[in-house]
Amino acid sequence: LNQAVIQANELNHVICSTTTPTMVSPSMACQVLHRLAPGLDMAAYDLQAACCGYLYALASAWDYLQSYPSGRVLVLTTETMRRIIDVQS
C-alpha cells in the first residue's frame, strides 16, 4: 500500500489466496483488513484453491474491477505449508 500510495480506507476489497489459513474464522483476509484498518467495513474473503489460488484471486479482482473500474482491490497470498507437510520425509 505504501508503494502504491494507497490508504487502507481507499480499498474496496481484500482477497487472500491461502490453503493454510491460521484459522477458519475469521478469514485471513478479514484478519489482514482488521490490522490495516480496524473497524473498516468492506468485502474481505479467502480463496482456497491450492497452487492456482493466486490466479483465481487475480481473476476475482479483475472481474470486480470490470464492474467498478475506479475500485481498489488488495490481492495477497500467504502460505505456511511447513505446518501441514513433513519436510523431514
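Is Val5 buried or exposed?

**Exercise 1. Place and classify Val5.**

Start with the ground rules. This is a predicted model, in which local features need pLDDT of at least 70 and side-chain atom pairs count only at pLDDT 80 or more, while totals for chains, interfaces and linings use all residues. Residues are numbered from 1 along each chain as its sequence is written, and side-chain values use heavy atoms, with hydrogens and water left out.

Step 1. Recall the scale: buried means under 20% relative accessible area, exposed over 50%, and partly exposed in between (1.4 Å probe, protein chains only).
Step 2. Val5 has 67% relative accessibility, so Val5 counts as exposed.
Step 3. Locate the residue: Val5 lies in the segment before E1.
Step 4. Check the backbone. Val5 is not a glycine, yet its phi is positive, about 55°.

**Exercise 2. Describe the chain as a whole.**

Step 1. Count the elements. There are 2 helices and 3 strands in the protein chain. Helices (H or I, at least four residues) and strands (E, at least two) are DSSP runs, numbered from the N terminus.
Step 2. Read them in order. The pattern along the sequence is β-α-β-α-β.
Step 3. Take the extent. The C-alpha trace spans about 50 × 25 × 25 Å along its principal axes.
Step 4. Look at burial. The protein chain has 89 residues, and 29% of them count as buried.
Step 5. Look at the surface. The accessible surface is about 6100 Å², and 55% of that belongs to carbon and sulfur atoms. Accessible areas come from the Shrake-Rupley method with a 1.4 Å probe; for residues, only the protein chains shown count as cover.
Step 6. Consider contacts, meaning heavy atoms within 4.5 Å. Among contacts with a separation of 6 or more, 66% join residues 24 or more positions apart.

**Exercise 3. Work out how the strands pair.**

Step 1. Apply the rule: two strands pair if DSSP finds at least two bridges between them.
Step 2. E1 pairs with E2 in the parallel sense over 5 bridges. Here Val14 stands opposite Ala44 in E2.
Step 3. E1 and E3 also pair in the parallel sense, over 5 bridges. Cys16 has Leu76 in E3 as its bridge partner.
Step 4. Compare the faces of each strand. In E1, His13, Ile15 and Ser17 lie on one side and Val14 and Cys16 on the other, and all are buried. In E2 (residues 43–47), Ala44 and Asp46 form the covered face, whereas Ala43, Tyr45 and Leu47 form the uncovered one. In E3, Leu74 and Leu76 point to one face and are buried, while Val73, Val75 and Thr77 point to the other and are not.

**Exercise 4. Find the largest nonpolar core.**

Step 1. Define the set. A nonpolar core is a set of buried Ala, Val, Leu, Ile, Met, Phe, Trp, Tyr and Cys residues joined through side-chain atoms within 4.5 Å.
Step 2. List the members. The largest core has 11 residues: Ile6, Leu11, Val14, Cys16, Met28, Ala29, Leu33, Met42, Ala44, Leu74 and Leu76.
Step 3. Assign the elements. E1, helix H1 (28–36) and strand E3 (73–77) each give two or more residues to this core. H1 gives the most, with 3 residues.

**Exercise 5. Trace three core members.**

Step 1. Take Ile6, in the segment before strand E1 (13–17). Ile6 counts as buried because its relative accessibility is 16%. Leaving aside neighbours within four places in sequence, Ile6 contacts Leu1, Leu11 and Arg72.
Step 2. Take Met42, in the loop between H1 and E2. Its relative accessibility is 16%, so Met42 counts as buried. Beyond neighbours within four places in sequence, Met42 is in contact with Ala8, Leu11, Asn12, His13, Val14 and Leu33.
Step 3. Take Ala44. With neighbours within four places in sequence left aside, Ala44 touches Val14, Ser27, Ala29, Cys30 and Leu33.

**Exercise 6. Measure two separations.**

Step 1. Ile6 and Thr77 are 71 residues apart along the chain, and their C-alpha atoms are separated by 19 Å.
Step 2. Met42 and Val87 are 45 residues apart in sequence and 38 Å apart in space, C-alpha to C-alpha.
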